[in-house]
Amino acid sequence: MRPFYSLYNKVLEWSSSRFAVIWLATISFLESSILPYPIQDILLATMSLKSRNRAYYFAIICTLSSVLGAIAGYYVGIYAISLIMPLLDTMNYLPELHKAEQYFNTYGIWIILIAGFSPIPYKLFTISAGMMSMPLLPFVIFSLIARSARYLLIAFLVRKFGKRCDAWLNKYIDRLGYVLIAIVVLGIWYAY
């Protein structure tokens with residue numbers, strides 16, 4: 001039984017849908033503001049595998065949508081944090097939100113470069129930036145730099161290693177899926 005292999009192939013099917021670009025933009029926007037996990041990377045990679053000559057175009061769509069979502073998350077942090085606190089508490093994100101605030105206190109706006117590029121939940125940092133009244137223009141510029149670096153790197157890797165990358169994923173996707181689950185579980189355990 002290979003559940004991640006099946007899921008990977010299903011995402012490959014979705015990536016060739018005529019609505020794939022709309023889904024990519026929507027998911028990228030939501031990931032920066034409310035979605036708990038960065039699933040746009042998988043969709044970006046699979047869309048780029050299907051159409052390698054449009055990989056950078058997809059990366060730019062992903063970047064712009066993600067930065068717009070980051071701005072939405074920023075304003076959630078300013079105006080609606082009291083409304084979403086119960087949701088963050090239910091999803092067990094309050095400790096991570098407090099850690100994000102500590103990172104902002106320690107590193108200032110520079111943390112956006114790290115958070116925007118890494119696979120950690122970016123929305124915690126976009127919401128925290130709004131809560132802490134970070135200046136909007138540097139926030140947007142740093143978000144644009146970090147997110148474009150991340151998505152353009154994915155596009156570059158898929159264009160450069162496309163068929164090999166696809167073959168590697170087909171062979172190791174289940175192992176990779178189980179490793180990612182273990183990392184998430186260990187991260188949750190460590191946070192508590």
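**Notebook: helix α7 and the nonpolar regions**

Entry 1. I began with helix α7 and found Tyr122, Lys123, Leu124, Phe125, Thr126, Ile127, Ser128, Ala129 and Gly130 buried there. I note at the outset that the model is predicted. Helix α7 spans residues 122-131, and 9 of its 10 residues are buried, which leaves the helix mostly covered. Beyond α7 I looked up Ser133, which follows the helix and has a positive phi, near 55 degrees.

Entry 2. I then turned to the fold as a whole. I counted 8 helices and 0 strands in the protein chain. Read from the N terminus, the order of elements is α-α-α-α-α-α-α-α. The protein chain has 192 residues, of which 41% count as buried. I also looked up how far apart in sequence the contacting residues are: among contacts with a separation of 6 or more, 80% join residues 24 or more positions apart.

Entry 3. Next I examined the interior. The largest nonpolar core holds 22 residues, and Leu88, Leu97, Phe104, Ile112, Tyr122, Phe125 and Phe139 have the most contacts inside it. Two or more residues of this core come from each of α4, α5 (94-107), α6 (111-117), α7 and α8. Another core, of 17 residues, lies apart from it; its members include Ala20, Ala59, Ile61 and Cys62. For background, I recorded that nonpolar side chains in soluble globular proteins tend to be buried together.

Entry 4. I followed Phe104 individually. With neighbours within four places in sequence set aside, Phe104 contacts Ile111, Ile112, Phe125, Ser128, Ala129, Met132 and Met134. Of these partners, I had already listed Phe125, Ser128 and Ala129 among the buried residues of α7.

Entry 5. Finally I considered the surface. The protein chain exposes about 10900 Å², and carbon and sulfur atoms supply 71% of that area. I located a nonpolar surface patch formed by Tyr56, Ile60, Leu64, Phe117, Leu144, Leu152, Leu153, Phe156, Leu157 and Phe161, which together have about 820 Å² of accessible area. The elements giving two or more residues to the patch are α4 (55-90) and α8 (136-191). Helix α8 provides the largest share, 6 residues.

Entry 6. I checked one member of the patch, Leu144, which lies in helix α8. Is Leu144 buried or partly exposed? Its relative accessibility is 38%, so Leu144 counts as partly exposed; the partly exposed range runs between the cut-offs of 20% and 50%.

Definitions and conventions
Residues are numbered from 1 along each chain as its sequence is written. This is a predicted model: local features need pLDDT of at least 70, side-chain atom pairs count only at pLDDT 80 or more; totals for chains, interfaces and linings use all residues. Side-chain values use heavy atoms; hydrogens and water are left out. Helices (H or I, at least four residues) and strands (E, at least two) are DSSP runs, numbered from the N terminus. Buried means under 20% relative accessible area, exposed over 50%, partly exposed in between (1.4 Å probe, protein chains only). Contact means heavy atoms within 4.5 Å. Accessible areas come from the Shrake-Rupley method with a 1.4 Å probe; for residues, only the protein chains shown count as cover. Patches are made of residues with over 30% relative accessible area and no salt bridge: like charges are joined within 9 Å, nonpolar side chains (Val, Leu, Ile, Met, Phe, Trp, Tyr) within 5 Å. A salt bridge is a side-chain nitrogen of Lys or Arg within 4 Å of a carboxyl oxygen of Asp or Glu. A nonpolar core is a set of buried Ala, Val, Leu, Ile, Met, Phe, Trp, Tyr and Cys residues joined through side-chain atoms within 4.5 Å.
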